[in-house]
Structures are given as C-alpha cells and as structure tokens.
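Please open the model in the viewer and keep the sequence panel visible. The tour below proceeds by selection, and each stop states what is to be found there.

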Amino acid sequence: MHLIETKDLCYSYSTSKSSVLTNINFTADNKQRIAVLGPNGAGKSTLFRHFNGILKPVSGSVLIDGNPITKSNLAEVRRLIGLVFQNPDDQVFSTTVEQDIAFGPYNLGLDEEEVQKRVDAVVHMLGLEDLRNRPPHQISGGEKKRAAIAGVLAMKPQVMVLDEPTAGLDPQGVSELFGFLNELPNTLGCTVIYSTHQVELVPEMADVVYVMEKGQITGKGTPSEIFMKDDLLKSARLDLPALPKLIKSLREAGVEIDNAFSYQDAEDSFMKAFGKEPKKRVVQPAVHRDHPHIHEHPHKHSNEQ
C-alpha cells in the first residue's frame with residue numbers, strides 16, 4: 001500500500017475542452033524524496049492539488065493510504081498531506097504570522113497548550129522568531145514562504161507537497177531551503193514531494209524523479225536513470241545538471257571518467273580520472289539543523305496552471 005497513489009487519473013478544467021492530466025499513475029511511499037520535473041503548463045500544480053482533495057478527478061482515482069478521498073475523510077487527508085502553494089499569498093492570510101501558523105492546529109481541535117507547543121517548534125525550526133508577531137503583508141516573499149511551510153509543518157503531516165518551493169528565492173535561499181527539506185524524511189519522518197526547475201539540486205535531493213509533459217508522465221526513475229535519457233530531457237525542455245553535463249562532454253572527448261550525478265560522486269569520478277584516491281567519507285547520523293535565513297529573489301514568478 002502506498003501513501004499516495006493515483007490510478008489513471010484524468011482531469012480537465014470546466015473552462016477548457018482539452019485535458020490537463022491524462023492517465024496519471026503516480027505513487028509515493030514513506031520517507032521518500034520525490035521530484036516532479038517538467039516545463040510550465042505540464043500539469044504539475046494540477047496534479048499536486050489532487051493529492052489533498054482540492055481537485056477531484058474527472059476519471060481515475062486518488063488513494064491515500066489505500067483509501068479514496070471522500071467527504072468523510074477529507075479533513076484527515078488534508079492533515080496527512082500538507083500542500084505548500086507556489087505563491088505564499090494564496091496561503092498566508094491571518095493577522096500575524098503566529099496566528100497563521102496556529103490556524104491549522106486550531107482547526108484540528110487541539111488545545112491551547114498543544115497548539116502553542118507546535119507553533120513554537122516550527123517557528124524555531126524555520127527561524128521565524130523575529131517575525132511571529134508581524135502582519136504577513138509586512139514581510140517579504142521569502143519570509144512568507146517560510147511562514148507557509150511552518151503552517152503546514154505545524155499540522156504534522158505525513159507528506160509535504162511543495163509546488164515550486166524555490167520560486168522567488170536567491171541562490172543562497174534555494175540552498176538553505178533544499179537543505180532543510182532534504183532533512184525532513186529523517187528528522188520528522190515526512191515524505192517530500194516537490195516540483196522544481198532547479199535540476200542541479202535534484203541528484204542531491206531525490207530518490208525518485210517523475211517527468212511530466214503536456215499533462216502526462218513521460219518518465220520515472222532514479223535521478224541517474226532520468227538524466228541518462230537525452231531524448232526525454234530534450235522533449236521536456238530540461239537540461240542536465242552542470243556536473244554530469246561536464247562529465248558527459250569529457251567522455252565524448254575521450255576522457256576516461258565515470259558517469260556521476262551527485263556532487264560527491266562527481267568528485268570521486270574526477271579524483272579517479274586524475275589518478276587520485278577518492279576521499280573516505282564517514283556517514284553522519286541525521287541531525288536537525290536550523291536554516292533561519294532563507295533568502296528571496298526580487299523577481300516574482302507566476303503560478304503554473
């Protein structure tokens with residue numbers, strides 16, 4: 001049984017005759033990190049909105065823990081499946097940041113003490129201490145994004161679904177946010193599903209990659225499997241991350257170097273190519289690290305349909 005499973009999911013908006021999603025078969029399991037890639041308009045946002053019942057399939061089904069989404073279990077589904085929208089203005093709306101974070105836990109019927117405990121925990125986790133009493137309209141886009149993530153985490157979801165979480169963030173902010181999200185399977189036991197155009201981060205933060213194009217899933221595999229498929233990437237207007245792209249060029253030029261997709265694997269490949277012994281690495285146990293300064297990029301990004 002999968003945490004999330006869609007079976008031949010099809011969807012079209014009432015305002016359009018064309019199908020937005022066609023025969024989508026998607027699964028997500030416990031503590032997985034899943035990246036969904038594809039050009040704007042591929043249907044990623046629409047798919048995500050089916051996971052917690054915002055949208056209903058025209059045909060096919062969506063199963064959460066093996067059960068279809070119904071009116072009777074919708075509240076529980078939305079507790080289990082936390083969705084962070086691309087535009088935080090669609091999600092952060094209360095008088096203060098703290099009240100916004102507390103909104104979800106209060107709706108769960110939790111008592112004041114438990115709500116405050118959860119709010120304090122996620123405020124610390126996302127470095128929002130200085131913002132908790134600020135009105136959302138007086139904070140930046142990057143800060144709103146942190147507040148939106150905090151509000152979802154306060155619900156203690158089993159799955160975090162993030163629609164283009166890096167939109168509007170500068171490179172440091174992207175790195176910090178992905179570092180935080182990458183730890184969630186170990187620190188909080190969450191499955192993390194996200195869409196992104198930052199393909200260079202996918203080898204570092206995905207166990208499974210789905211590729212979407214024109215409302216269909218055109219590829220599924222590990223990062224190395226996906227990034228080895230030139231035709232798939234070209235069709236979906238995706239590029240190789242920088243390091244495997246460089247290694248590919250070197251191999252085509254006759255340099256004997258092993259394929260690699262993550263930074264550490266690429267480092268090992270280059271060390272071997274230069275006749276050096278790769279560094280010995282000690283795997284450290286997962287620990288929580290705070291990421292208090294997620295930076296924003298000044299340009300705004302529009303929502304995908």
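Is the crossing of α3 and α4 left-handed or right-handed? Before turning to the answer, note that this is a predicted model.

**First stop: α3 and α4**

Select residues 97–107, which form helix α3, and residues 112–125, which form helix α4. Their crossing is right-handed. The two helices pack at an angle of about 130°, and their axes are 9 Å apart. Because of that angle, α3 is oblique to α4. To display the contact, show the side chains of Glu-98, Ile-101, Ala-102, Pro-105 and Tyr-106 on α3, together with Glu-112, Val-115, Gln-116, Val-119, Val-122 and Val-123 on α4. Sorted by class, the residues of this contact comprise 8 nonpolar, 1 polar and 2 charged.

**Second stop: α9 and α10**

Next select helix α9 (residues 242–252) and helix α10 (residues 263–273). Here the packing angle is about 30°, with 10 Å between the axes. The two helices are therefore roughly parallel to each other, since an angle under 35 degrees counts as such. The crossing of α9 past α10 is left-handed. Leu-243, Leu-246, Ile-247 and Leu-250 of α9 meet Tyr-263, Ala-266 and Phe-270 of α10. This contact holds 7 nonpolar residues, with no polar and no charged ones.

Then move back along the chain to Arg-237, in the loop between α8 (230–235) and α9. Although Arg-237 is not a glycine, its phi is positive, at about 55°. Most residues other than glycine have a negative phi. Arg-237 has a relative accessible area of 65% and is therefore exposed.

**Third stop: Glu-164 and Ser-195**

Is Glu-164 buried or exposed? Select this residue in the loop between β7 (159–162) and α6 (171–187). Glu-164 is buried, because its relative accessibility is 5% and the limit for burial is under 20%. Glu-164 also has a positive phi, of about 45°, without being a glycine.

From Glu-164, extend the selection to Ser-195, in strand β8 (residues 191–195). A polar atom of the Ser-195 side chain lies 2.9 Å from the backbone nitrogen of Glu-164. The Ser-195 side chain also makes a polar contact, at 3.2 Å, with the side chain of Asp-163. Ser-195 counts as buried, because its relative accessibility is 0%. Leaving aside residues up to four places away in sequence, Ser-195 touches several others, including Val-36, Lys-44, Phe-48 and Leu-162.

**Fourth stop: α1**

Lys-44 and Phe-48, both touched by Ser-195, are among the buried residues of α1. Select residues 44–51 to see the whole of this helix. How many of the 8 residues of α1 are buried? The count is 8 of the 8, so α1 is largely enclosed by the rest of the structure. Those buried residues include Arg-49 and His-50 as well as Leu-47 and Phe-51. After α1 comes Gly-53, with a positive phi near 85°.

**Last stop: Ala-28**

Finally, select Ala-28 in strand β2 (residues 21–28). With a relative accessible area of 0%, Ala-28 is buried. Which residues does Ala-28 touch, not counting those up to four places away in sequence? They are His-2, Leu-3, Ile-4, Ile-34, Thr-191 and Ile-193. A distance label drawn from the C-alpha atom of Ala-28 to that of Val-159 should read 8.9 Å, although the two residues are 131 residues apart along the chain.

Terms used:
Residues numbered from 1 in each chain as written. Predicted model: local features only at pLDDT ≥ 70, side-chain atom pairs only at ≥ 80, totals over all residues. Heavy atoms only, no water. Helix = DSSP H or I, 4+ residues; strand = E, 2+ residues; numbered from the N terminus. Buried < 20%, exposed > 50% of the residue type's maximum accessible area, 1.4 Å probe, protein only. Polar contact = N/O pair within 3.5 Å; in protein donor to acceptor, adjacent residues only side chain to side chain. Contact = heavy atoms within 4.5 Å. Axes fitted to C-alpha atoms, helices over the stretch in contact; angles between N-to-C directions. Parallel < 35°, antiparallel > 145°, perpendicular 65-115°, else oblique. Left-handed = near helix turned anticlockwise from the far one by under 90°. Nonpolar A, V, L, I, M, F, W, Y, C, P; charged D, E, K, R; others polar.
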